[in-house]
Amino acid sequence: MRIEIYKIIIEISSAILILVAFELINRKSIKGYTIMAVGQFLAMIVCIFTSLWFLAIMHFVNFLLMLRGYYKWRGVR
């Protein structure tokens, strides 16, 4: 029961972080990449807990893409 509550909290927080990150990226803010990376990482953890391996891999790939975008953005400026 306790693990289920933690999974729900992590899932809700990752969804909120991803939505906030989309808004920040649309506003051309570098913080969006960082927040999106954290949200994708949390979503990956939830997918691993629930044995959704393909989605976990996809969230991990998105996590890496957000890190890449962050470093490319910092390199340009």
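Reader: Which term fits Tyr-70: buried, partly exposed or exposed?

Author: This is a predicted model, in which local features need pLDDT of at least 70 and side-chain atom pairs count only at pLDDT 80 or more, while totals for chains, interfaces and linings use all residues. Residues are numbered from 1 along each chain as its sequence is written, and side-chain values use heavy atoms, leaving out hydrogens and water. Relative accessible area under 20% means buried, over 50% exposed, and anything in between partly exposed (1.4 Å probe, protein chains only). Tyr-70 has 21% relative accessibility, so this residue counts as partly exposed.

Reader: What is the geometry of the ring pair Tyr-70 and Tyr-71?

Author: Rings of Phe, Tyr and Trp (its six-membered ring) pair if their centres lie within 6.5 Å; planes under 30 degrees apart are stacked, over 60 edge-to-face, and the rest tilted. The structure holds four aromatic pairs. In the pair of Tyr-70 and Tyr-71 the ring centres are 5.4 Å apart and the planes stand at 75 degrees, so the pair is edge-to-face.

Reader: How many helices does the chain have?

Author: Helices are DSSP runs (H or I, at least four residues), as are strands (E, at least two), and both are numbered from the N terminus. From that end the elements run α-α-α. There are zero strands, and the count of helices is three.

Reader: Which elements give two or more residues to the largest nonpolar core?

Author: A nonpolar core is a set of buried Ala, Val, Leu, Ile, Met, Phe, Trp, Tyr and Cys residues joined through side-chain atoms within 4.5 Å. The largest one has eight residues, including Ile-18, Tyr-33, Phe-63 and Trp-73. Two or more residues come from each of H1, helix H2 (31–49) and helix H3 (53–76).

Reader: Which residues does Phe-63 touch beyond its neighbours within four places in sequence?

Author: Contact means heavy atoms within 4.5 Å. Phe-63 also belongs to one aromatic cluster with Phe-41 and Phe-60. Leaving its sequence neighbours aside, Phe-63 is in contact with Ala-37, Gln-40 and Phe-41.

Reader: Why does Ser-14 count as buried, and which residues does it contact outside its neighbours within four places in sequence?

Author: Ser-14 sits in helix H1 (residues 2–26). Its relative accessibility is 5%, so Ser-14 counts as buried. Beyond its sequence neighbours, Ser-14 is in contact with Gly-39, Leu-42 and Ala-43.

Reader: Is Lys-7 buried or exposed?

Author: Lys-7 is found in helix H1. Apart from neighbours within four places in sequence, Lys-7 contacts Val-46, Phe-49 and Thr-50. With a relative accessible area of 13%, Lys-7 is buried.

Reader: Which residues form the salt bridge, and what is the distance between their closest N and O atoms?

Author: A salt bridge is a side-chain nitrogen of Lys or Arg within 4 Å of a carboxyl oxygen of Asp or Glu. By this rule the count is one. Glu-23 is partly exposed at 39%, and Arg-27 is exposed at 62%. Glu-23 and Arg-27 form the bridge, and their closest N and O atoms are separated by 3.0 Å.

Reader: What share of the 77 residues in the chain is buried?

Author: The C-alpha atoms of the chain fill a box of roughly 45 × 20 × 15 Å along the principal axes. Of the 77 residues, the buried share is 26%.
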